[in-house]
Amino acid sequence: MTTAISVQGVSKKFRLFVDKTRTLKESVLFWRRNRFYELNALNNINLQIKRGSTVGIIGRNGSGKSTLLKLLSRIIYPDTGTIKINGKVSTLLELGAGFHPDFTGRENIYLNASILGLSRSEVEEQIDDIIAFAELEKFIDNPVRNYSTGMYMRLGFAVAINVDPDVLLVDEVLAVGDTAFQSKCQEKIDSFRARGKTIVLVTHDTSQAESMCDYLVWLDKGEILAEGEPHDVVGAYLDRLSKLEEDAALISHDKDEESRREQRAERVEKGDNVSECEGQHTDTELTVPEEKSDKMKAERWGNGVVEINSVKMFDVAGNEKYVFQCGETVQIAIWYEMKQEIKDLVFGIGIFRGDGLQCYGTNTYLDKFKQSNYPPKGVVKVTIYKLNLLHGKYFLDVAAHSQKGLPYDYLTRHWSFTVRSRIRDVGVARLDHAWKIEQVV
Amino acid sequence: MWQRFKEIIEYREMLRNLVHKELRARYKGSALGFMWTFFHPLLLLVIYSFVFSFVMRVQMENYSLYLFTGLLPWTFHVTSLTMGTNAIVSNSNLITKIYFPREILPLSIVLANMVNYLLALPILIGALIYLDWDMGPSLLVFPLVLLIQALMLTGLTLIVSALNVFFRDLEHLLSVLLTGWFFLCPIVYPISMIPKEYIGIYTSFNPVTPLIIAYTDIFYYSRIPNWNNLLTITGFSIAIFVIGFIIFNHLQKSFAEEV
């Protein structure tokens, strides 16, 4: 095993200036003021990359991915530690860096390639390939000033990829051009791998990382959290992401609750006389929402004889959460309070997709749920054994109404939850299924 | 240090292309284009000749010729330094995105201006021929003097280009300093105008003075420059070059974070 890249104990700090002192006068006058704070971009990184491997670096924004790549490409230097790279390095950080707008495409190929370290004879050998790869045969002798963004990027990519280094460092530039061009880039990268070159790839796209790389490094806040088999690392990374999302969802749920309370208070102030409705079980009493057109607007109506105080969702272990895996068991709990005794109280739930499509809806009446009497103050618990909805965001409606449909308290689009799934099937819900192929005689 | 030199040599194609780009891009879009390489020093010559021989009445045989001999290398000096100050800062897009030996950038500025100097030389030679000037073997020393000047300028440009990344004021300060520097050199006046008792101080603190003296010796006086004089400035230039190289190398590691 030969090492292509060896990173040992590398740390990098950045000074972030609040208001950067730049002029001589300022630095003389304010020499005492150190208006900056230090940011640990990378903290004691140790990494060995084998020759011929394709290594992906994943992580959230600000995790230090790009800093590491810049360190590897010698654009910036570490504060401590050493980096050793065996062989010629080429970096795809930005395409077409150093292009001169007034020069023709051809001239810029020579210029750009020489900046990337190619000699003239090497460029001359490859120039036809480069032009063909960029698909710019017709425009190669026009100034790049007149190029479209796509043409510009294609030319930049074509030059950079044809440098033929031993180690290629790539920073999320593969999303260049149309689909056809992208697949060509992919082929080029594949042929790179086939020839035993080393590639280091920084990416946000976990599926790309999983499919392209044979080793993954997960950076978080300047430290390596995990490294190894792409499948394992991506799994751990996605778990962390959904954990973070869950936390965010809990906070947003609390906010929703707050806004619901406000709406309640507002309604009372408006003078909807709750007591007038008592006992009059007629549909004419319906308080129709004013802005029906806005499907996703949180609304609340009803006469208030029964009041829904709060709604929460739990997983099978009883943890409150709002991000679920497809197929997970979910419990919805609805806290209510009866202002007077009612015989025909019905509780219902409805689940809506972001575009307003109702995915599912049911209530205690439809389900023929029977319980002798409801406590005046209680909690309704609905367990969904398999939440088989597909990946996406959903809204939850909750209502308490009479059997005839008179709403006591009707809350629509007040709560939301997210379903995650790594299977990209389509439709509304995942129907339990299994595949089998049999021979027909 | 040798490692750096080796790498710079590996990137000679980039250097070549940048010099080419510099020369081509400078006059791009102007009607006279590349002709400005000739017009610029000629127009300067007209102005200085008017001021110093017509208004100030400098008594000197073929004063314009003397003036031109000093003005050309001075233009090389001044444009290299003023453009070189911005060599790193104005290429921040390259510095922050691509690795290459950073020395290439100031180096390309010096070389481009040297090419410009060389291209303006035919005017000087033409004038010498027209005036039936006696051109001796002293011309053979010219490449050596040019090399010494280029070496010194490279050192100075490396220093100013690197320092300007951290102190952007340098660029403004430098333009004033260069004006003063101009009048401290025997360009618009011959060295004989300096009082005897000050000549020691005058020559020893200004590395450009012996260069100008050497150039005027070669072209105006048609005599081989004083070898002692040449040796001194060679030592000067090498020292400046080495110091510039060390300072630049020390500062270049944080260029990408500062530009």
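This passage describes the confidence, the chain A sheet and the chain contact of a predicted model. Residues are numbered from 1 along each chain as its sequence is written, chains are lettered from A and ligands numbered from 1 in the order in which they are written. Because the model is predicted, local features need pLDDT (the predictor's confidence in each residue, from 0 to 100) of at least 70 and side-chain atom pairs count only at pLDDT 80 or more, whereas totals for chains, interfaces and linings use all residues.

The complex is assigned an ipTM of 0.78 and a pTM of 0.72 by the predictor. Chain B has a mean pLDDT of 88, with 100% of its residues at 70 or more.

In chain A, strands (DSSP runs of E, at least two residues, numbered from the N terminus) form an open sheet of 6 with mixed pairing and the order 5-6-7-3-8-9, two strands being paired if DSSP finds at least two bridges between them. Strand 5 (89-92) and strand 9 (223-228) of chain A each have a single partner strand, so one side of each of these edge strands lacks a neighbour in the sheet. Strand 8 (residues 215-220) of chain A runs antiparallel to strand 9 of chain A and is joined to it by 5 bridges, with A:Trp218 opposite A:Ala226.

The contact between the chains (C-beta atoms, placed from the backbone, within 7 Å) takes 25 residues from chain A and 20 residues from chain B. On the side of chain A that touches chain B, helix 3 (residues 105-115; helices are DSSP runs of H or I, at least four residues) gives the most, with 4 residues.

Definitions and conventions
Contact = placed C-beta atoms within 7 Å.
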